[in-house]
Amino acid sequence: MAPAGIFISFEGIDGAGKSTHIEGLAQAFRAQGRAVTQTREPGGTPLAEKLRAMVLADAMDDLTEVLLLFAARRDHLLQVIEPALARGDMVLCDRFTDATFAYQGSGRGFDWQVLGQLEQWVQNTPGQGAGGTSFLRQPDLTLWFDLPPELAAQRLAGARLPDRFEAQPVEFFRRVANGYAQRLAAAPGRFASIDATLERHAVWQQITQALVRRGWLSIMVSNTKRP
Ligand code: TYD
């Protein structure tokens, strides 16, 4: 019997250092014989990648931004995430809906209740819950890379041409970080908080510990594969 699919999202403010660890984790799961779907938001499908390019580059009002993000998410869920989970893949997704609450909700000041309604609409998966009921798709685990906005800004400085979000002031990222903390407080069982101020290997160890604890990664693989 194929193993159950597992959905893991990676979150944090820009400059928190998620990327290398997502790659490392994909390798660790593959070394363990698991099929991995590595994807990202906004994006992950041809349509959603077009929406990503707009959201990251074009000026627009806050509601338009939110609607484009959720439109991209709907396409991504239906085309990529749900089929991968049904196959039994480990789905590693660079950002998901917590980012919308943190960036659009807390960063931009967009209404959290409206975001909650859109979340219900977009992540509703008919017929896949117990007894054929519908349920709200959420990541099984969200790794939150937590670090102070000042430090993230230092890490990002001069790295490349900033997009519409990376160009925001430190104040914006302070609000975004608070948004993530609020999402964690509302669903603590879904989150593992990673101290992203530490050096790379110490961050990697925290990540693998969170996965070993859940029985999703063997200790041997977590020790041998490190980015
Ligand atoms: P990011 O994930 O940081 O990718 P990269 O490191 O390749 O630039 O970029 C995506 C940006 O989009 C990031 O600044 C956060 C923002 N974003 C939102 O504002 N809301 C969302 O719902 C999502 C998924 C991302």
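Which side chain of opposite charge is nearest to R34, and how far away is it? The answer is D89, at 6.9 Å, and R34 is buried yet has no salt bridge. Here buried means under 20% relative accessible area, exposed means over 50%, and partly exposed lies in between, with a 1.4 Å probe and protein chains only. A salt bridge is a side-chain nitrogen of Lys or Arg within 4 Å of a carboxyl oxygen of Asp or Glu. As for charge, Lys and Arg count as positive and Asp and Glu as negative, while His and the chain ends are not counted.

A word on the model before we go on. It is a predicted model, in which local features need pLDDT of at least 70 and side-chain atom pairs count only at pLDDT 80 or more, while totals for chains, interfaces and linings use all residues. Residues are numbered from 1 along each chain as its sequence is written, and side-chain values use heavy atoms, with hydrogens and water left out.

Let's stay with R34 for a moment. You will find R34 in the loop between helix 1 (19-31) and strand 2 (36-40); helices (H or I, at least four residues) and strands (E, at least two) are DSSP runs, numbered from the N terminus. A polar atom of the R34 side chain lies 2.9 Å from the backbone oxygen of G88. Beyond its neighbours within four places in sequence, R34 is in contact (heavy atoms within 4.5 Å) with P3, A4, G5, I6, F29, G88, D89 and M90. D89 has a salt bridge with another partner: its side chain meets that of R87, at 3.0 Å from N to O. D89 is itself buried, with a relative accessible area of 5%.

Now follow the chain past strand 2. A cis peptide bond joins E41 and P42, with omega about -15°, and P42 lies in the loop between strand 2 and helix 2. Another backbone feature to look at is R95, in the loop between strand 3 (90-94) and helix 4. R95 has a positive phi of about 80° although it is not a glycine, and R95 is buried at a relative accessible area of 12%.

R95 also brings us to the largest pocket. Rolling a probe the size of a water molecule over the atoms shows where empty space is left. A pocket is found on a 1 Å grid over the protein atoms alone, as an open set of points where a 1.4 Å probe fits, with protein on both sides within 12 Å along at least five of seven lines; lining residues have an atom within 4 Å of a point. Grid points are joined across faces, edges and corners, and the volume is the space filled by probe spheres set on the points. The largest pocket holds about 750 Å³ of space. Its lining has 32 residues, of which D14, R52, R95, R160 and E166 lie nearest the centre. Helix 1, helix 2 (46-57), helix 3 (62-87), helix 4 (97-107) and helix 6 (149-156) are the elements that give two or more residues to this lining. Helix 4 gives the most, with four.

Helix 4 is worth a look of its own. It is mostly covered, with 11 of its 11 residues buried. Those buried residues pack against strand 1 (6-12), helix 3, helix 5 (112-122), strand 6 (141-146), helix 7 (170-186) and strand 7 (191-195). After helix 4 comes G109, whose phi is positive, near 85°.

One of the buried residues of helix 4, D98, leads on to the charged side chains. Side chains of opposite charge can pair when their charged atoms come close. The structure holds 14 salt bridges, and D98, E119, R183 and R190 are linked in a network of them. E119 lies in helix 5 and is buried, with a relative accessible area of 6%. The side chains of E119 and R183 are joined by a polar contact of 2.9 Å.

Other salt bridges involve partly exposed residues. E171 pairs with R174, their closest N and O atoms being 3.0 Å apart. These two are separated by about one helical turn because they are three residues apart in helix 7. E171 is partly exposed at 44%, and R174 is partly exposed at 31%.

Technical notes. A polar contact is a pair of N or O atoms within 3.5 Å; within protein, one must be able to donate a hydrogen and the other to accept it, and residues adjacent in sequence count only if both atoms are side-chain atoms.
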